[in-house]
Amino acid sequence: MAEWMVEPIGGVFGTRVRDIDLRGPLGDGERKDLYELLLEHLVLVFPGQSIEDDHQMDLLSSWGRPYIHPIGRTAGATDAKVERIVDDEDRPPYQDKWHTDVTWDPDAPIVGSLRAIEMPVRGGDTIFASMYAAYDGLSETLRERLEGLTAWHDMGPGQSFISKAGAELVDRTREQFPGTERPVIAAHPDTGRRHLNVNKNFTSHLVGFDRAESDALLDYLYEHATQPNYTIRYEWAEGDVILWDERCTQHFAVADHYPQRREMARLTVAAPA
């Protein structure tokens with residue numbers, strides 16, 4: 001393991017990584033070590049970095065294919081890029097819901113990244129939740145009941161998408177990407193650890209259940225998964241970079257800074273082809 005200073009953030013998961021310059025160049029061994037840290041801690045925070053889009057692209061491209069959101073693909077995009085998330089008085093924040101990114105895409109992201117470009121005077125934190133911890137916190141009886149069940153994931157009402165991309169493009173995206181079925185309890189492909197695999201923003205219903213039964217059980221799982229015991233909250237500073245494992249976490253972008261301006265650079269990657 002490379003000689004970086006690693007400082008745990010929370011009691012359950014998450015760590016700061018110091019004494020590393022993400023502008024690189026990073027060797028193959030260092031990239032492998034970073035990925036191993038990510039698998040262990042789920043969320044890696046790199047304070048005070050000074051990277052640009054190309055550094056962010058180079059770093060994540062080590063672990064997968066730069067991801068293009070289904071809305072972008074529907075609109076004809078063929079080249080992934082580091083995207084900007086800008087909140088200000090004219091563009092209200094829309095990520096303030098618990099979610100795992102784009103679980104309604106069969107080829108969803110596996111690793112996510114954000115870097116802070118401009119932060120408000122106060123607010124704008126991000127909260128992460130460990131779905132390993134959420135699974136471990138279920139009773140043995142409920143874990144056994146959920147094993148083998150599947151849930152349907154889709155765009156949902158899509159109001160935030162409509163506000164950003166327009167109803168016509170969202171309707172076309174919904175036709176091309178109607179959703180996908182996922183196990184309620186999943187096994188991480190690299191670690192084998194089991195984790196809860198539903199999220200309130202994009203999980204529609206449990207397959208084979210009456211709708212009322214599905215809603216009741218899912219509502220319980222949503223509340224259970226995001227309880228404070230399974231979360232960390234990060235207060236950003238400009239230049240900070242965060243990587244997270246999309247497969248076994250959820251996140252929530254706190255919108256208490258609105259209408260102050262907040263600008264982030266985001267890039268995710270999907271599994272290698």
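Mentor: The expected span of a helix is 1.5 Å times one less than its number of residues. This is a predicted model, in which local features need pLDDT of at least 70, side-chain atom pairs count only at pLDDT 80 or more, and totals for chains, interfaces and linings use all residues. Residues are numbered from 1 along each chain as its sequence is written, and side-chain values use heavy atoms, with hydrogens and water left out.

Trainee: What makes α1 a helix, and how does its reach compare with the expected 20 Å?

Mentor: Helices are DSSP runs of H or I with at least four residues, and strands are runs of E with at least two, numbered from the N terminus. Helix α1, residues 28–41, has 14 residues, so it satisfies that minimum. Its first and last C-alpha lie 20 Å apart, close to the expected 20 Å.

Trainee: Why are residues such as L34 and L38 of α1 called buried?

Mentor: Buried means under 20% relative accessible area, exposed over 50%, and partly exposed in between, with a 1.4 Å probe and protein chains only. L34 and L38 are among the residues of α1 that are buried, and therefore each is under 20%.

Trainee: Which elements do the buried residues of α1 pack against?

Mentor: They pack against β1 (5–8), β2 (15–18), β3 (43–46), α2 (53–60), β6 and β14 (241–245). Contact here means heavy atoms within 4.5 Å.

Trainee: What is the phi of L42, which follows α1?

Mentor: The phi of L42 is positive, near 75 degrees.
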